[in-house]
Each structure stands twice: as structure tokens, then as C-alpha cells.
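Work through the exercises below with the sequence and the model open. Each task is followed by a solution in steps.

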Amino acid sequence: PPLRPRGARSQPAPMASASGSALAAPTTVRTSVHFTPLRGSSGGAAPSGLLEVDGLTLLLDCGWEPPFDVSVLEPLRGVAARVDAVLLSH
């Protein structure tokens, strides 16, 4: 075996496909996902929530429904500055 500095780890052997060509060694990908319901999580109200994935913040729907009462949007006031994109489902 080749000489390595003390404490150094050996590299994993390269993987090969069925055709014999080398494949990249598997890597670990860590993803941070967090969901925060803002409205409609317990009842008939129109839903709204924040989905945060690796630092990207998506507003999923805004929870607004007829009769279009602006006070319904109040939960968005505290998070609006953090929102990167809005996804409206319907």
C-alpha cells in the first residue's frame, strides 16, 4: 500500500459501472428544510406557509380568500422581508 501521513485516511476505491467505466464516489448532500404554517393549518381558512430550503424562503400561497379582507394578510407582515419567491397553487 502507498505511504500516507499518520492519521490520513485512505480514499475509497473508485466505483465502476457495468460497462467498466469509472463512476464518481458517492457524496453526502445536506439540505436544510423547514416549514412554518402561517394560516389555515387548523380549520377551513385558506392556507399559507413558509417553506425554507437551504436559505431560500418561499411563501406558499398567501391565505387570502373572499371577501378579501386585508386583515387576513397580517401574518405575512412579519415574514415579508424574508420571502425570496411566492408560489400560488390556485
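**Exercise 1. A salt bridge within the helix**

E74 and R77 both lie in helix α1, three residues apart, which is about one turn of the helix. The model is a predicted one.

Task: State how the side chains of E74 and R77 meet, and classify E74 as buried, partly exposed or exposed.

Solution.
- Step 1. The two side chains form a salt bridge, with an N to O distance of 2.9 Å.
- Step 2. The relative accessible area of E74 is 43%. Partly exposed covers the range between 20% and 50%, so E74 is partly exposed.
- Step 3. R77 has a relative accessibility of 65% and therefore counts as exposed.

**Exercise 2. A salt bridge between distant parts**

Task: Find the salt bridge partner of R82, and say which parts of the chain the pair ties together.

Solution.
- Step 1. Searching the whole structure gives two salt bridges.
- Step 2. R82 pairs with E52, and their closest N and O atoms are 3.3 Å apart.
- Step 3. E52 belongs to strand β4, while R82 sits in the loop between α1 and β6 (85-87), so the bridge ties together parts that are 30 residues apart in sequence.
- Step 4. With 40% relative accessibility, R82 counts as partly exposed.

**Exercise 3. Order of elements and strand pairing**

Task: Write the order of the elements from the N terminus, then describe how β4 pairs with β3 and with β5.

Solution.
- Step 1. The chain contains one helix and six strands. Read from the N terminus, the order is β-β-β-β-β-α-β.
- Step 2. β3 (residues 33-39) pairs with β4 in the antiparallel sense, over six bridges.
- Step 3. β4 also pairs with β5 in the antiparallel sense, over six bridges.
- Step 4. E52 can be used to follow both pairings: H34 stands opposite E52 in β4, and E52 in turn stands opposite T57 in β5.

**Exercise 4. Surroundings of T57**

Task: Is T57 buried or exposed, and which residues beyond its sequence neighbours does T57 contact?

Solution.
- Step 1. T57 is part of strand β5.
- Step 2. Its relative accessibility is 5%. The limit for buried is under 20%, so T57 counts as buried.
- Step 3. With neighbours within four places in sequence set aside, T57 is in contact with L50, L51, E52, R82, V83, D84 and A85. Both partners of the salt bridge from Exercise 2, R82 and E52, appear among these contacts.
- Step 4. For the chain as a whole, 12% of the 90 residues count as buried.

**Exercise 5. Positive phi angles**

Task: Which phi values do D54 and F68 take, and where does each residue lie?

Solution.
- Step 1. Most residues other than glycine have a negative phi.
- Step 2. D54 is not a glycine, yet has a positive phi of about 45°. D54 lies in the loop between β4 (48-53) and β5 (56-62). The hairpin of these strands has two residues between them.
- Step 3. F68, also not a glycine, has a positive phi of about 60°. F68 is placed in the loop between β5 and α1 (74-77).

**Exercise 6. The loop between β5 and α1**

Task: Compare G63, W64 and F68 by accessibility, and name the residues that make the nonpolar surface patch.

Solution.
- Step 1. G63 and W64 are found in this loop, as is F68.
- Step 2. G63 is buried, at a relative accessible area of 4%. W64, at 37%, counts as partly exposed. F68, at 52%, counts as exposed.
- Step 3. Outside its neighbours within four places in sequence, G63 contacts R39, A46, P47, S48 and V72. The C-alpha atoms of G63 and A46 are separated by 4.5 Å, although the two residues are 17 apart along the chain.
- Step 4. W64, F68 and V70 make a nonpolar surface patch of about 330 Å².

**Exercise 7. Confidence**

Task: Which strands have the lowest and the highest confidence?

Solution.
- Step 1. The average pLDDT of the chain is 78, and 71% of the residues score at least 70.
- Step 2. Confidence is lowest in strand β1 (residues 15-16), with a mean of 62, and highest in β6, at 94.

Methods
Residues are numbered from 1 along each chain as its sequence is written. This is a predicted model: local features need pLDDT of at least 70, side-chain atom pairs count only at pLDDT 80 or more; totals for chains, interfaces and linings use all residues. Side-chain values use heavy atoms; hydrogens and water are left out. Helices (H or I, at least four residues) and strands (E, at least two) are DSSP runs, numbered from the N terminus. Buried means under 20% relative accessible area, exposed over 50%, partly exposed in between (1.4 Å probe, protein chains only). A salt bridge is a side-chain nitrogen of Lys or Arg within 4 Å of a carboxyl oxygen of Asp or Glu. Contact means heavy atoms within 4.5 Å. Patches are made of residues with over 30% relative accessible area and no salt bridge: like charges are joined within 9 Å, nonpolar side chains (Val, Leu, Ile, Met, Phe, Trp, Tyr) within 5 Å. Accessible areas come from the Shrake-Rupley method with a 1.4 Å probe; for residues, only the protein chains shown count as cover. pLDDT is the predictor's confidence in each residue, from 0 to 100. Two strands pair if DSSP finds at least two bridges between them.
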